[in-house]
Amino acid sequence: NGAPDKYLGFGASVATFGASLVSLKSGDLLDVRPDQNMTQGADTHWQVEQVQGPANISVVDTVAATAHLTADTLITVDTPISYDTAELDTHGAFNTSTGIFTAPIAGSYRISVANQSDTASCISQLVLTGTTNMHLAQQSGSNNTLASGSTVKRLLAGDTVAITPNGSVTFAGLASGVIRSSVSIERVGN
C-alpha cells in the first residue's frame, strides 16, 4: 500500500547494515527505498534475495545442482557415486555424502554426467528412486577417457536421482584444478 513496513537500519555518518525477512505472496511487490533523510552516496548498496524452501518453490524458480569428485574415488557396483563437492545447489537437494539428488518440486529435469574412470569399459547408470532407469554414459576403448551423457526425465517431488557404475571402478577427481567427474541436474520444465 506504499506505507513503510520495516526500517532496515539507521546511521549517521557511519556504516549501517540492516536486514529483514519479509513474507510475500505471488504478485506482491517489494519496494526498497531510503527515507527522506538519507542521501545515497557511491557506497550505498541494496541487496534483495529470495529465501525459499521446498514448501514454497514457484513453478518459475530455477532448481539446479552441480557437483564433482575432488579425489580419485573407488565406487563399487550399483553404489551411487558420492560427488563430494557441490558448486551449485539452489535448494539443498543434492547430498554430497550420498551422491543422491532429491527433487524438491515436480518437473522435467535434465540430468548430465561427465565421468572419467580407470577402466576401459564403464557404464554410468541413471538410477531413479532406487530403480536403474538407463545407461547414461558409456566409456569404452581405453583407460582414463571421459564418458558423458545427458537425458531429460520427469520427476515428482521427492523422487531421487543417483549415478552408479555397472562395476567396481575408480572415478577420477580433480587434477591440477580440472574437474574430471561431475554431475549436473537442472529442472528445465514444469
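**Surface and burial.** I started with the surface: the chain exposes about 11,500 Å², and carbon and sulfur atoms supply 50% of that area. The model is predicted. I then looked up burial. Of the 190 residues in the chain, 31% are buried.

**Fold.** I listed the elements next. I found twelve strands and zero helices. From the N terminus on, the order is therefore simply β-β-β-β-β-β-β-β-β-β-β-β, with strands taken as DSSP runs. I also checked contact range. Among contacts with a separation of 6 or more, 67% join residues 24 or more positions apart.

**Core.** I turned to the largest nonpolar core, which holds 29 residues. Which members touch the most others? They are Tyr83, Phe101, Tyr109, Ile111, Val161, Ile163 and Val183. Elements giving two or more residues to this core include strand 1 (64–68), strand 6 (107–116), strand 10 (160–165) and strand 12 (182–189). Strands 7 (121–128), 8 (131–140), 9 (146–155) and 11 (169–171) also qualify.

**Tyr83.** I followed Tyr83 outward, leaving aside neighbours within four places in sequence. Its contacts include Ile163 and Val183, both also on the list of core members with the most partners. Tyr83 also contacts Ala67, His68, Leu69, Phe94, Thr96, Gly99, Val113, Asn115, Ser181 and Ser182.

**Cavity.** I searched the whole structure for cavities of 30 Å³ or more and noted one. The largest cavity has a volume of about 30 Å³. Its lining is Asn115, Ser117, Cys122, Ser124, Ala137, Gln139, Ala147 and Phe171. Asn115 thus appears twice in my notes, as a Tyr83 contact and as a lining residue. Strand 7 and strand 8 each supply at least two lining residues. By type, I noted four nonpolar, four polar and no charged residues in the lining.

Definitions and conventions:
Residues are numbered from 1 along each chain as its sequence is written. This is a predicted model: local features need pLDDT of at least 70, side-chain atom pairs count only at pLDDT 80 or more; totals for chains, interfaces and linings use all residues. Side-chain values use heavy atoms; hydrogens and water are left out. A nonpolar core is a set of buried Ala, Val, Leu, Ile, Met, Phe, Trp, Tyr and Cys residues joined through side-chain atoms within 4.5 Å. Buried means under 20% relative accessible area, exposed over 50%, partly exposed in between (1.4 Å probe, protein chains only). Helices (H or I, at least four residues) and strands (E, at least two) are DSSP runs, numbered from the N terminus. Contact means heavy atoms within 4.5 Å. On a 1 Å grid over the protein atoms alone, a cavity is a set of points where a 1.4 Å probe fits but cannot get out, and a pocket is an open set with protein on both sides within 12 Å along at least five of seven lines; lining residues have an atom within 4 Å of a point. Grid points are joined across faces, edges and corners, and a volume is the space filled by probe spheres set on the points. Ala, Val, Leu, Ile, Met, Phe, Trp, Tyr, Cys and Pro count as nonpolar, Asp, Glu, Lys and Arg as charged, and the others, Gly among them, as polar. Accessible areas come from the Shrake-Rupley method with a 1.4 Å probe; for residues, only the protein chains shown count as cover.
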